[in-house]
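Colleague: Before accepting the descriptions attached to this model, I should like to go through the grounds for each of them.

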Amino acid sequence: MEEYTASEERYNKMKFRRCGKSGIKLPLISLGLWHNFGDNDDFENARNILRTAFDNGITHFDLANNYGPPYGSAEKNFGKIFSQDFKKYRDELIISSKAGWDMWPGPYGDFGSRKYLIASLDQSLKRMGLDYVDIFYHHRPDPETPLEETMGALDQIVRQGKALYVGISQYNAEDTAKAAKILKEQKTPFLIHQPRYNMMDRWVEDGLLDTLEKIGIGSIVFSPLEQGILTSKYLHGIPEDSRAATEGSYLDKSQITDAVVKQVQQLNEMAEKREQSLAQMAVSWLLKDERVSSVLVGVSKVSQLKDNIEAINNIDFTAEELRKIDEILKE
Ligand SMILES: NC(=O)c1ccc[n+]([C@@H]2O[C@H](COP(=O)([O-])OP(=O)(O)OC[C@H]3O[C@@H](n4cnc5c(N)ncnc54)[C@H](OP(=O)(O)O)[C@@H]3O)[C@@H](O)[C@H]2O)c1
């Protein structure tokens with residue numbers, strides 16, 4: 001592939017939102033590397049997706065230790081692409097990683113110990129060829145490790161210069177408030193929460209978003225398209241190249257029920273009236289709430305990314321549209 005020079009238009013194409021009360025602004029759309037960047041995926045396609053993202057002002061790439069498959073391979077492949085295409089743009093990028101899910105065998109490669117988090121970030125930095133990440137997350141709550149230990153590890157990582165900011169993912173409102181208190185006492189730069197949120201999965205509306213606002217931190221929401229269900233792709237069966245058809249993915253064919261397709265059909269009609277694709281409507285619906293700092297999409301194709309980016313140009317909903325979406329999803 002020819003040498004990469006980023007589009008000079010990139011910052012005219014994207015809009016940015018301040019992440020809580022921090023100094024960081026995030027692009028309304030960020031790119032996640034959970035799927036489509038592993039060793040089983042097409043490397044040149046992955047590279048094109050990253051180039052297209054940055055050319056459109058997507059300055060934030062989200063990774064984790066265990067993205068692949070196999071675990072670690074998304075960071076390794078990202079590292080390769082970074083060294084070829086993005087090294088010269090390092091200071092224009094927010095790169096994140098995480099630890100918290102199972103990564104290596106034995107008791108020190110999972111959950112939330114200081115031992116695990118520090119060793120894991122060291123491995124991630126090596127795989128990606130980076131000196132530091134911009135954000136390091138604890139990937140999920142650990143019911144057994146004291147919160148003080150996990151938050152202490154995040155603090156140590158920042159003091160070591162290996163991350164600029166820290167975040168947490170999937171913590172409920174109560175644990176988020178507890179974590180925030182500890183991080184504040186330690187003066188750890190707590191930037192962001194990464195919860196699952198989309199039209200079909202609204203748990204964050206039940207206290208978490210209010211808590212984040214009160215604490216003054218931002219949110220970046222994952223699986224905004226319910227892994228592809230909130231697009232038009234499953235309206236007429238399950239395409240062979242879709243996530244639901246992929247062996248070992250976290251989206252099972254059994255989740256595409258007739259009842260779900262019926263809802264999606266109705267949402268799709270609404271999106272058409274708004275002159276948006278359904279994927280765009282699903283992303284816009286999240287961005288209507290200013291407490292959502294960024295929407296974290298995954299894509300298997302450049303065309304999907306281009307489709308999703310367009311969402312930022314139509315994020316207003318009438319009260320009637322919002323009511324109708326709720327009604328469709330209640331059925
Ligand atoms: N913190 C956590 O615990 C956690 C957990 C999960 C994810 N995440 C992060 O969130 C990111 C996004 O999660 P996700 O991949 O589940 O997000 P998603 O955006 O809900 O789903 C992405 C999938 O939807 C399909 N798609 C995307 N845009 C489309 C479009 N315009 N038209 C048709 N299909 C489209 C593609 O699947 P096909 O393969 O079918 O084409 C794509 O891979 C991850 O990469 C990761 O960074 C974090």
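Modeller: The model is a predicted one. The secondary structure of its protein chain comes to eleven helices and ten strands.

Colleague: What makes the strands a closed barrel?

Modeller: Eight strands follow one another as β3-β4-β5-β6-β7-β8-β9-β10, with parallel pairing, and the barrel is closed. Neighbouring strands in this sheet are turned against each other by 30 degrees on average, direction ignored. In general, strands of a sheet pair through backbone hydrogen bonds, either parallel or antiparallel.

Colleague: How do you know that β3 pairs with β10?

Modeller: Pairing requires at least two bridges between the strands. Three bridges join β3, residues 29-32, to β10, and the two run parallel; the pair therefore meets the criterion. Within this pairing, Ile-29 stands opposite Val-295 in β10.

Colleague: Why is the radius of gyration said to agree with that of a compact globule?

Modeller: For 331 residues, a compact globule would have a radius of gyration near 20 Å, and the protein chain has 19 Å, so the two agree. Its C-alpha atoms fill a box of roughly 50 × 50 × 40 Å along the principal axes. Of the 331 residues, 42% count as buried. Among contacts with a separation of 6 or more, 77% are between residues 24 or more positions apart.

Colleague: Why is Leu-33 called buried, given its place in a loop?

Modeller: The term depends on the count of neighbours: a residue is buried if 20 or more other C-beta atoms lie within 10 Å of its own. Leu-33 has 24 C-beta neighbours inside 10 Å and is therefore buried. Its place is in the loop between β3 and α2 (43-55).

Colleague: Which residues are in contact with Leu-33, leaving aside its neighbours within four places in sequence?

Modeller: They are Phe-61, Asp-62, Leu-63, Tyr-67, Ala-74 and Phe-78. Asp-62 is 29 residues from Leu-33 in sequence, yet their C-alpha atoms are 6.1 Å apart in space.

Colleague: What makes a residue part of the shell around the ligand, and how many residues surround the ligand?

Modeller: The C-beta atom, placed from the backbone, must lie within 6 Å of the ligand. On that basis 30 residues surround the ligand, the closest being Gly-32, Trp-34, Phe-222, Gly-228 and Gly-298. The elements giving two or more residues to this shell are β10 (294-297) and α10 (302-309). The largest share, three residues, comes from α10.

Colleague: How is the shell around the ligand divided by class?

Modeller: There are nine nonpolar, 16 polar and five charged residues. Gly counts as polar here, so Gly-32, Gly-228 and Gly-298, among the closest residues, belong to the polar class.

Definitions and conventions
Residues are numbered from 1 along each chain as its sequence is written. This is a predicted model: local features need pLDDT of at least 70, side-chain atom pairs count only at pLDDT 80 or more; totals for chains, interfaces and linings use all residues. Helices (H or I, at least four residues) and strands (E, at least two) are DSSP runs, numbered from the N terminus. Axes are lines fitted to C-alpha atoms, for helices over the stretch in contact, and angles run from 0 to 180 degrees between N-to-C directions. The radius of gyration is taken over C-alpha atoms; the globule rule is 2.2 Å times the number of residues to the power 0.38. A residue is buried if 20 or more other C-beta atoms lie within 10 Å of its own, exposed if 12 or fewer, and partly exposed in between; C-beta atoms are placed from the backbone. Two residues are in contact if their C-beta atoms, placed from the backbone, lie within 7 Å.
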